[in-house]
Amino acid sequence: MTARKRSSMSTPYNPESVEKAAQDYWQESRCFEVLEDQDKEKFYCLTMFPYPSGKLHMGHVRVFTISDVIARYHRMQGRHVLQPMGWDAFGMPAENAAIKRGVPPAEWTYNNIDDMRDQLRRLGYAYDWTREVTTCRPEYYRWEQWLFTKMFEKGLVYRRNSVVNWDPVDQTVLANEQVIDGRGWRSDALVERREIPQWFMKITAYADELLDGLDDLPGWPDSVKTMQRNWIGRSEGVELSFAVEDEDEPLVVFTTRPDTLLGVTYMAVAAEHPLAAKAAADNAAIAAFIDECRQSHAAEASLETMEKKGMALGIDAVHPISGEKVPLWVANFVLMSYGTGAVMAVPGHDERDWEFAKKHGLEIRQVIAPADGSEIDIDEGAFTDYGVLVNSGDYDGMDSQSAFNAIADYFEETGLGRRAVNYRLRDWGVSRQRYWGAPIPIIYCDDCDAVPVPEKDLPVVLPEDVEFTGHGSPLKDLTEFYETTCPRCGNAARRETDTFDTFVESSWYFARYACPDNDRKMLDDREAYWMPVDQYTGGIEHAILHLLYSRFFQRVMRDEGLSAASEPFTNLLTQGMVLKDGAKMSKNKGNTVDPQELIARFGADTVRLFMMFAAPPEQALEWSDEGVQGGSRFLKRFWGAVQNHVAAGTAVDLDVAALDTGQKDLRRKTHETISKISDDIGRRNMFNTAVAASMELLNAVNRFEDGSDQGRAVEREALEAVVLMLSPIVPHICHALWQMLGARQDLCCRRRR
RNA sequence: GCCCGGGUGGCGGAAUUGGUAGACGCAGCGGACUUAAAAUCCGCUGUCCGCAAGGACGUGCCGGUUCGAGUCCGGCCCCGGGCACCA
């Protein structure tokens, strides 16, 4: 009797009951709850925690499954694995829901967390739920308020004016996302740039360390490191000053190309620059232009893509070497917040300057010639390469590098400038004019200025039962919140009503999982055991901001004596987007697929299997409803194969010396597959090919119709291998099949043989 | 606009270090089982020419390096992500 003929006698695969049984077992045995154990090799496996938007989406399922596969794999390798979960719970959607449905943001958020926690449980992830962290709880955010006050003492935070998007109709600050084609998303009013005082964290103080640290992260993708390097944008150049006619203050600019200095034919300042304001005072056209510049979206992408516009100010600067007059312009592409708010323009050797000069009939002067002696026509386009200086007086004939040094020396000797390092990176503005966030722990006193809230008065608790109208933050109208006394002098004072950027919460949560229950310290000894995170998995969309802020915070915590680690994440896996119809799946676009329905229909294992099989984790995954079926079919075949094998009775021990050719072939296939899958999961993060290899081995088993004692022993070895190898990906069915195969040991907690 | 990715059959993808392009799966077609359908199982399936044997073409486009290119180099096109207040 062949194995296949027996299939009619078997019980069918029922994912719902199989998965319930496995999940009950894991919960009762508490096998994913881990305590610090110095004798065991720790492995901290972390996923970027979700924003509790209401329901899990496919992007969540993908990233959590990737991380769970890695966690379970390392667990099987005998490591002591921590995989926690929590909630990035502050943010705008809660306020939007409050406006739309009248539910307080806190209530909406806590309900969503409860729903999503249930959904996560149904997917069978190996989480230590005892360490759950929720960022909107005072016991969490009190510690970032505390750290902020420590940073204040060290001068790592400061307050200055900076630009926000202002909706003049709704009288409120808008996020970039809320500005659509330059207009407010609700009011449709033209958005204005407005300057208001805001708090900043000095991430630039760590710019060099954040840059150099990238060289010590071999476990990070090169693309992410390159993006961060470019974002920090360290450049070496010269800061030099141009005298301005009839002005006492010179105009200071930074350039990486002092070798092109004699090619400067005009200069440009930002619309907010004092010189522009001065020129506007008695020129209505310039005033109108500055007004026009103000009416724009604050996002860099819109500034870079909009039409480059400018106006001559009628003021001249004096070239510091030639003494020639250089006209001053105001231009919409120069930003007050970046550098000094002024740039020198070399249209002959810079593309943007060239285009601007062409458009406004400004002089284009060649001062660099190609090093190879070839001819160029500067009228046809800017020449941006390094080369040999021409039309530059004493510097003629020097190469760019020598000229850089000679000109830099000249400025340092005359005191008109100096060599300087410039960063593209700007300090981190953390103030948000919103309600649903962690209050910034500052008290304003007429006599003492801004005073940090003393440690004994922390946390500054965000009131949760508030009237939410949508017209500005309710905190601004809540006297019992903002009325207070100055901690320094005791006089009546006013509390800060702005809250933190939600990136603040996500910049240190990974460390707090080590000791979420400590109500006396931000971090304790347990942090030293678990940190740094061994494997961090999350969306590629966080390649810069979240990951850079976290690297910054880790260093701030280190310098505060809270941690020994400089880098928070040793290995990083950036998972690609889940796309549908070529675009990121998102509620906004209405192209979501609900994982809940698929789980109800096929079970969690099928959904997990399909997500891992459909594409390698780093690539974008284009969703297709077909293919899930295939995963389900495979699991049924898998179930049937093991069941048929077991139904035929106990297999004898394998006698390697006694195998015939066919038996040897299957055995070789088994061991080749083990070797391949270990590499695929353990080194390459190629879960899709690991699944494919498992399918191939199972196909080979199903073709193998050898009922002899040794045939059955070889078949058993193959089936056991498939169960073990697939268990990180489809843990529930493997839990059941492992028991069916007569396991003496629990699968998920077993060590490598 | 700038920075970072990606583009391979009808579809998702494989090819790990420059060495047989298309593993595995989906869809499709043919067959078995069934009164029938579903499910399941077996077989075929890059395109074109051919009854076949076989041949030609083929990894977004153009060019290059190499005995040999999906893979390396140069130039382009298209798609996705990020651009500092979406998370």
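This note goes through a predicted model of a protein with an RNA strand, point by point.

1. Helix H20. This helix covers residues 661-684, which makes 24 residues. From its first C-alpha to its last it reaches 32 Å, close to the 34 Å expected at 1.5 Å a residue. At the N-terminal end, Asp660 acts as a cap, with a side-chain oxygen 3.1 Å from the backbone nitrogen of Gly662. After the helix comes Asn685, which has a positive phi, near 55°.

2. Packing of H20. The buried residues in H20 are Gln663, Leu666, Thr670, Thr673, Ile677, Asp680 and Ile681. What covers them includes three helices: H2 (58-76), H21 (687-703) and H22 (709-726).

3. Surroundings of the RNA. RNA strand B is surrounded by 59 residues, and the closest are Asn176, Arg432, Arg434, Ala614 and Arg683. Of the RNA atoms that come within 4 Å of the protein, 67% belong to sugar and phosphate. By type, the residues of this surface divide into 21 nonpolar, 19 polar and 19 charged.

4. Polar contacts to the RNA. Three contacts can be listed by the part of RNA strand B that takes part. For phosphate, a backbone N or O atom of Met92 lies 3.1 Å from a phosphate oxygen. For the sugar or linking oxygens, a backbone N or O atom of Asn176 lies 2.6 Å from one of them. For the bases, a polar side-chain atom of Lys676 lies 2.8 Å from a base oxygen. The elements that give two or more residues to the surface near RNA strand B are strands E6 (172-174) and E20 (431-432), together with helices H7 (222-232), H10 (300-305), H18 (604-614), H19 (628-647), H20 and H21. The largest share, six residues, comes from H21. Helix H20, described in the opening points, is thus among the contributing elements.

5. Salt bridge between H1 and H4. The structure holds 51 salt bridges. One of them joins the side chains of Glu19 and Arg122, at 2.8 Å from N to O. Glu19 is in helix H1 (residues 15-29) and Arg122 in helix H4 (residues 105-122), so that the pair, 103 residues apart, links distant parts of the chain. Glu19 is buried because its relative accessible area is 0%, while Arg122, at 24%, counts as partly exposed.

6. Salt bridge within H1. The side chains of Asp24 and Lys20 also meet in a salt bridge, at 2.7 Å from N to O. The two residues are four apart in helix H1, and therefore about one helical turn separates them. Both ends are partly exposed: Asp24 has a relative accessibility of 29%, and Lys20 has a relative accessible area of 49%.

7. Salt bridge between H2 and H18. Asp68 pairs with Arg608, and the closest N and O atoms are 2.7 Å apart. This pair also links distant parts of the chain, with Asp68 in helix H2 and Arg608 in helix H18, 540 residues apart. Asp68 and Arg608 are both buried. The two helices appear elsewhere in this note: H2 helps to cover the buried residues of H20, and H18 gives residues to the surface near RNA strand B.

8. A salt-bridge network. Glu209, Arg551, Arg555, Arg558, Asp559 and Glu567 are linked to one another in a network of salt bridges.

9. Cis peptide bonds. The bond from Leu458 to Pro459 is cis, with omega near 0°. Pro459 belongs to the loop between strand E22 (449-452) and helix H13 (479-482). The bond from Met531 to Pro532 is likewise cis, with omega near 0°. Pro532 is placed in the loop between helix H15 (525-530) and strand E26 (533-539).

10. Positive phi values. Asn391 is not a glycine, yet its phi is positive, near 50°. This residue is in the loop between strand E17 (388-389) and helix H12 (400-414). Asp449, also not a glycine, has a positive phi of about 65°. Asp449 is in strand E22. With a relative accessibility of 54%, Asp449 counts as exposed.

How values were computed: Residues numbered from 1 in each chain as written. Chains lettered and ligands numbered in written order. Predicted model: local features only at pLDDT ≥ 70, side-chain atom pairs only at ≥ 80, totals over all residues. Heavy atoms only, no water. Expected span 1.5 Å × (residues − 1). Buried < 20%, exposed > 50% of the residue type's maximum accessible area, 1.4 Å probe, protein only. Contact = heavy atoms within 4.5 Å. Polar contact = N/O pair within 3.5 Å; in protein donor to acceptor, adjacent residues only side chain to side chain. Near = heavy atom within 4 Å. Nonpolar A, V, L, I, M, F, W, Y, C, P; charged D, E, K, R; others polar. Salt bridge = Lys/Arg side-chain N within 4 Å of Asp/Glu carboxyl O.
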